[in-house]
Amino acid sequence: MTAKKRKAAAPTKPAPVPASPPHQAPPKANVKTLPAGNDEQLLRTAEDIVRANPRDGAAWSTMGVVLRRMGRLEEAVVCYHRGVEHDPNNAGNWSNLGNLLTELGRHAEADDAHARALRLMDDNGQLLFNALISKRKATAFHEALTLMEKALAAEPHSAQLRWERALTLLQVGEYEQGFKDYEYRRGIATYRTRPTPGTPWDGSDLKGKRIFLSTEQGFGDTLMAARYVPLVKARGGRILFECHPELRRVLGGLPVDEFVPAGHAFPDFDVQASQMSLPYLCGTRFDSVPPPVKLHIPPDARAKATRILGPAEPGILRVGIIWSGRVTFADNARRASNLKNFLQFGTVSGVRLYSLQKGPPEDQLEEMGSRMLVTPLGPHIDDFADTAALLEQLDLLIMTDSSTAHLAGSLGTPVWNLVQFMPYWVYGDRGGRTPWYPSMRLFRQKDDQDWGPVFAEAMDALRDLAYSRRLTAKPCGT
């Protein structure tokens, strides 16, 4: 019987939970309850009300909601402040102000706004949820967990709360409960991955069964989860691995019985699991993260990279740079930087820069006239195998976080990952290292959206590295 013909069976580990009903909406103005579709009209209506009565707090807050939705954030902040000035006992308006201040990275002010909202209405689930999200984004992870426990006491089966707790626990290295809660992602409203039919794998011995490992999130997550394939194979099964074509060659060395193109019809299988469920199913703890899997670099990709890069020069550091991830990623504006910031690395004596940037941000090379300062490799890259072959012949990769960080880390290439204030959970909450990639060094933002100190720290480190390279290149006695 094929998987397509089976009725979906209930998972045995963990049991699925239905999405919890929506929290009660905060009173009056709330960004989720105002009708969308004609924001200009809504704004004009609110403005007319304010002209007639400048002390109407609800109208001011409505203007704030609409302006935020239109991307006019600084104007929205002023309107929200007018709203709470004239209606200081409206908890929903304080909460909305806190949400916007969090978005702007003004975390101390956001914390105060949410605290005021909760003092007015501490039993409102939505206000509590807004406050805990704000705490998490301010990297106050343990305070966020305290609020989550309070929220879960009222709604113990809320998939959204369990998901937020998963991300927070993983961030602070509490992997056992974190990965257990991570399974609740399928119950949240924003989950968009197609459901896989059939019996979920519970982590037990496979005894020759065919297991389908489905792809679910980004390229980087697939590269990260690939380390678990040998562990699954050791449990005696035949592995059917769903894979995007961009990753097919570089993952060609996995002990997989069949690669299934991503999005194609489901193959015949006995049990299934998401690739991103494997850390949970394999019982991963912070101190037991498996090493990255060995990637496959085809000979033709290596030959192509050698032809493009040419021979290495003694004493010269060949440094790859990437300043943006995929622009369609929701949080890319926060995690990405720009080419201008990266160009300063080219001022270090003995450093030559090579761009591995792909996508629209690659245009910055042309806009800045930087092609004489940075060698563009993007036009030569067709898939991750091409990128891997180039990385293999570079000395270092400096980048803001994206899937290539997982690629370089899996290869063991030295990679300096410049990460945002609240980074992906894989990078933890502190320190310069991650157990997932031993060759990766982390440079962290100390303040939200402030890249200056991050690049200054990386510049100092690069000068030291380049100096060491020049010293080792000199003949003895010179």
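Trainee: Which residue of β5 is the bridge partner of Thr199?

Mentor: In this predicted model, Thr199 has Val271 of β5 as its bridge partner.

Trainee: How do you know that β1 and β5 are paired, and in what sense do these strands run?

Mentor: Pairing requires at least two bridges between the strands. Two bridges join β1 to strand β5 (residues 271-274), so the requirement is met. The two strands run parallel.

Trainee: What is the order of the strands in the open sheet of five strands?

Mentor: The order is β1-β5-β2-β3-β4, and the pairing is parallel.

Trainee: Why are β1 and β4 said to stand at the edges?

Mentor: Each of β1 (199-200) and β4 (258-261) has a single partner strand, so one side of each lacks a neighbour in the sheet.

Trainee: Let us turn to β10. What makes strand β10 largely enclosed?

Mentor: Burial means under 20% relative accessible area. Five of the five residues of β10 (residues 415-419) are buried, so the strand is largely enclosed by the rest of the structure. Val415, Asn417 and Val419 point one way, whereas Trp416 and Leu418 point the other way, and all are buried.

Trainee: How do you know that β9 and β10 pair, and in which sense?

Mentor: At least two bridges are needed for pairing. Strand β9 (residues 396-400) and β10 share four bridges, so they pair, and the sense is parallel. Within this pairing, Ile398 has Trp416 of β10 as its bridge partner. β10 also pairs in the parallel sense with strand β11 (residues 440-444), over five bridges. There, the bridge partner of Trp416 is Arg441.

Trainee: Which elements make a right-handed β-α-β unit?

Mentor: The unit is made by β9, helix α19 (residues 403-411) and β10.

Trainee: Why is Thr400 called buried?

Mentor: Its relative accessible area is 0%, against a limit of under 20%, so Thr400 counts as buried. Thr400 lies in strand β9. Beyond its neighbours within four places in sequence, Thr400 is in contact with residues including Ile322, Trp323, Ala336, Phe342, Leu418 and Trp451.

Trainee: Why does Ala336 count as buried?

Mentor: Ala336 has 11% relative accessibility, which is under 20%, so the term applies. Ala336 is found in the loop between α15 (332-335) and α16 (339-343). Setting aside residues up to four places away in sequence, Ala336 touches Trp323, Ser324, Thr400 and Trp451. Ala336 and Trp323 are 13 residues apart in sequence, and their C-alpha atoms are 5.9 Å apart in space.

Trainee: What makes Gln364 a buried residue?

Mentor: Gln364 has 19% relative accessibility; the limit is under 20%, so Gln364 counts as buried. Gln364 belongs to helix α17 (residues 364-367). Not counting residues up to four places away in sequence, Gln364 touches Trp323, Asn338, Leu339 and Ser370.

Trainee: How do you know that the span of helix α8 agrees with its number of residues?

Mentor: The expected span is 1.5 Å times one less than the number of residues. For the 13 residues of α8 (residues 159-171) this gives 18 Å, and the end C-alpha atoms are 18 Å apart, so the two values agree.

Trainee: Why is α8 called mostly covered?

Mentor: Of its 13 residues, 12 are buried, each therefore under 20% relative accessible area. Among them are Leu161, Arg162, Trp163, Glu164 and Leu170. The elements that cover the buried residues include α6 (125-137), α7 (141-154) and α9 (175-182). Just after α8, Gly173 takes a positive phi of about 85°.

Trainee: How many disulfides does the structure hold?

Mentor: The structure holds zero disulfides.

Trainee: Why is the sulfur of Cys243 too far from the closest cysteine sulfur for a bond?

Mentor: A disulfide requires sulfur atoms within 2.5 Å. The closest cysteine sulfur, in Cys282, is 18 Å from that of Cys243, so no bond can be assigned between them. Cys243 is buried, at 5% relative accessibility. Cys79 is also buried, with a relative accessible area of 5%.

Trainee: Which residues have the most contacts inside the largest nonpolar core?

Mentor: This core has 71 residues, and those with the most contacts inside it are Trp201, Phe241, Val250, Leu251, Leu356, Trp425 and Trp436. Helix α18 (residues 384-392) gives the most to this core, with six residues. Apart from this core lies another, of 38 residues, among them Val84, Leu127, Ile133 and Leu147.

Definitions and conventions: Residues numbered from 1 in each chain as written. Predicted model: local features only at pLDDT ≥ 70, side-chain atom pairs only at ≥ 80, totals over all residues. Heavy atoms only, no water. Core = buried A, V, L, I, M, F, W, Y, C linked by side-chain atoms within 4.5 Å. Buried < 20%, exposed > 50% of the residue type's maximum accessible area, 1.4 Å probe, protein only. Contact = heavy atoms within 4.5 Å. Right-handed = clockwise from strand over helix to strand, strands pointing away.
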